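Please open the model in your viewer and follow the stops below in order. Each stop gives a selection and then what is found there.

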2 protein chains.
Amino acid sequence: MDRAPRSGRPAAKRSDVAQLAGVSTAVVSYVVNGTKNVSPETTARVREAIDLLGYRPNRTARALRLGASEMLGMVLPDATNPYFAMLARAVEEATAERGLTVLTANANGSLETENRRLEHLVDRGVDGVVLCSTVLDPDLRPLVGAGIPTVLLNHWADVAGVSTVGVDLWEGARLAVEHLAGHGLDRIGLVIGTNVGHVLDPREASWRHTVARLGRGEGPIVREPFTPWGGYAAGTKLVTGGDLPPALFVSSDRQALGLLRALHEAGIRVPEDVAIVSLDGSDDAAFSWPPLSTVAAPVEEMARVAVAALIEGAGATARHVLLPTLVCRASCGCTPARRATAAAR
Amino acid sequence: MDRAPRSGRPAAKRSDVAQLAGVSTAVVSYVVNGTKNVSPETTARVREAIDLLGYRPNRTARALRLGASEMLGMVLPDATNPYFAMLARAVEEATAERGLTVLTANANGSLETENRRLEHLVDRGVDGVVLCSTVLDPDLRPLVGAGIPTVLLNHWADVAGVSTVGVDLWEGARLAVEHLAGHGLDRIGLVIGTNVGHVLDPREASWRHTVARLGRGEGPIVREPFTPWGGYAAGTKLVTGGDLPPALFVSSDRQALGLLRALHEAGIRVPEDVAIVSLDGSDDAAFSWPPLSTVAAPVEEMARVAVAALIEGAGATARHVLLPTLVCRASCGCTPARRATAAAR
DNA sequence: TTGAAAGCGCTAACAA
DNA sequence: TTGTTAGCGCTTTCAA
């Protein structure tokens, strides 16, 4: 070795422990990993030596030897999006419970970056990958080529060779539309994203289907990106288009935030003039004005299922579809936004 | 080795490349890392072999050999907080530019978890740590003990032995208060967090100082946690306390979100009845209602400085204090919130 | 119950 | 310019 040890006292290694305890290095391994029977006395001696030296096993060496890094990779479109941030945190938690680490990477909304990050994770030797992709059919070749178990999280389409876990968007849209209809609103519009490719988004399909089933009128449909700016643009279109329906199903919370702003700017009241239910259930929906009623994805459960699929999946590919739940706040009209006393002012 | 190779064809290793190219393994290293002169012909042959086999160096082995993982660790209080999410993304970017990877960990607001995550990062052999702690004086022992370079990000107090990079909060508060005063408002209150320990928060000190210097009245001061719920509680107090000042400096965007909600519920208009400037500059401030005027931290710069301090710092400990900038939106009264046409309705 | 030793894939000093 | 080789710290087989 030709490198100076790190500043500070060099970390103790397994052989130091072995020497101090008067055993072979193998025994230290047995004690540390509990993989073999070691006599109580020896165990005690080894434990003591470990404590004395403050020994911590070198996980890099372990990873090299094992051919497994005990790390999971996760790539997100953008951790700055509260919904993905929740997902990331949940995955981290589910992973930590199993003694693994997550290596998180942001694709920043770029497919090219997504691929680069993916390859990077492969190089780092992650044992599995949780991929939240913005595209329906991500490029899985680097993963498949390396034989790395992969699960597509927050995904609703079928993809060959990998497991997916997603929300039942059809059911989510049904929940939203039925709720809005339950408020007696009879024309229900849709604000939805643009990046869904050529496959019909289940949110759109279900919105259309449910509106028809309930015998309500189909309001306008506006397609804009899944961002607050997209939502703002949608709101502006709706307002200037002069065809503002009394109810709107918005396919993401962030869009709803932007929509709300456009509506406010135009002096349109929510929920009095337009009632809104959105979809995601991210934190920021609770502190918009008015607070958003939203169909919430079961984020923790999604994460747990995804991690389990990766670890226990053992090559099986399954499609997990989880049910969302409606969280009522003020934007749909369920709860009065202002306090009674305030309204009386 | 006693383990089956991963499913799929086993990855090519350096010796395969060497064999195919008809050179020694050392030469492959030289070519891959560009550490030594290799003749053009040999280089070409090696490159070809690499492409042919789809060879990718094993970073775990490299890390073990080098004694450096080429990973940086980052621990955050909560990546679900948009401000920290921005910081995390910026750090990831600054790190990627240098060919390194970030291992991110969430402390979930718990000091105990923070320490556990820190130790975990040490075990993983990270070459440096970016620590965003919620406490003023975090436990750096695991880091110092292992001789791992550390920088405290988003920190404003002096801590022995490590570099810090933070925002000039005094200046931030000055900017906010002066701006509010510039709108002709003469009593300026403060909403601030509770978890600052026994040291006087510079935001509070500067608010007090600036208000006095400008000859304005000091409005009420409310202390609640740095969360939307804290902000909501603060707003409720202010409203029911009956001492609502015409201007409020709020020490974090998330608090401001909650505050806004409490104000809305009480039918109080922003900025007409109360003008608000907050501090952070996170994304969600742009889509609240009304959009928040906020003193924005130079997040990208903070991240770059932090990463540079870690990598080029070479044991030096410096204190970097960066300047925030005021971003005016509607909550302070600079911009009319509603469109003129809407106001005319 | 314990130990000796091979070797994970890579780097780089040293020799040729 | 290229090759030989000794490890990095760990796990685990096989033998004692």
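Select DNA strand D together with the protein residues near this strand: the surface there divides into 13 nonpolar, 10 polar and 7 charged residues. The model is a predicted one. In all, 30 residues surround DNA strand D, and the closest are A:Arg14, A:Ala26, A:Asn58, A:Ala61 and B:Asn37. Colour by element next: α2 and α4 of chain A and α2 and α4 of chain B each supply at least two residues of this surface. Which helix gives the most to the surface near DNA strand D? It is α2(A), with 6 residues.

Now switch to DNA strand C. Here 29 residues surround the strand, with A:Ser24, A:Asn37, A:Thr42, B:Arg14 and B:Ala61 the closest. Two or more residues apiece come from α2 and α4 (59-66) of chain A and from α2 (25-33) and α4 (59-66) of chain B. By class, the surface near DNA strand C has 12 nonpolar, 10 polar and 7 charged residues.

Stay with chain A and select residues 14-21 and 25-33, helices α1 and α2. Their axes come within 8 Å and cross at roughly 105°. An angle of 65 to 115 degrees counts as roughly perpendicular, so α1(A) is roughly perpendicular to α2(A). Show side chains for the contact: α1(A) brings A:Arg14, A:Ser15, A:Val17 and A:Ala18, while α2(A) brings A:Thr25, A:Val27 and A:Val28. These residues divide into 4 nonpolar, 2 polar and 1 charged.

Keep α2(A) and add helix α3 of chain A, residues 40-53. At what angle do the axes of α2(A) and α3(A) cross? They cross at roughly 90° and come within 10 Å, which makes α2(A) roughly perpendicular to α3(A). On the α2(A) side, A:Val27, A:Val28 and A:Val31 meet A:Thr42, A:Thr43, A:Val46 and A:Arg47 of α3(A). By class, this contact has 4 nonpolar, 2 polar and 1 charged residues.

Centre the view on A:Thr42, which lies in α3 of chain A and is among the residues closest to DNA strand C. Is A:Thr42 buried or exposed? The residue is partly exposed, because 16 other C-beta atoms lie within 10 Å, whereas 20 or more would be needed to call a residue buried. Leaving aside residues up to four places away in sequence, A:Thr42 touches A:Val23 and A:Val27. To gauge distance across the chain, add A:Glu97: the two are 55 residues apart in sequence and 30 Å apart in space, C-alpha to C-alpha.

Next, select the residues where the two chains meet. Here 53 residues of chain A are in contact with 52 residues of chain B. On the chain A side, at least two residues each come from α4, α5 (82-96), β2 (101-106), α6 (111-123), α7 (141-145) and α11 (253-265). That side has 20 nonpolar, 18 polar and 15 charged residues.

The last stop is in chain B: select helix α9, residues 202-213. At 1.5 Å a residue, its 12 residues should span 16 Å, and the end C-alpha atoms are 16 Å apart, so the two agree. Buried residues of α9(B) are B:Pro202, B:Arg203, B:Glu204, B:Ser206, B:Trp207, B:Thr210 and B:Val211. The elements covering them include α8 (169-182), β6 (187-192), β7 (217-223), β8 (247-250) and β9 (275-280) of chain B. Following α9(B) is B:Gly215, with a positive phi near 70°.

Note on methods:
Residues numbered from 1 in each chain as written. Chains lettered and ligands numbered in written order. Predicted model: local features only at pLDDT ≥ 70, side-chain atom pairs only at ≥ 80, totals over all residues. Axes fitted to C-alpha atoms, helices over the stretch in contact; angles between N-to-C directions. Helix = DSSP H or I, 4+ residues; strand = E, 2+ residues; numbered from the N terminus. Parallel < 35°, antiparallel > 145°, perpendicular 65-115°, else oblique. Contact = placed C-beta atoms within 7 Å. Nonpolar A, V, L, I, M, F, W, Y, C, P; charged D, E, K, R; others polar. Near = placed C-beta within 6 Å. Expected span 1.5 Å × (residues − 1). Buried ≥ 20, exposed ≤ 12 C-beta atoms within 10 Å, placed from the backbone.
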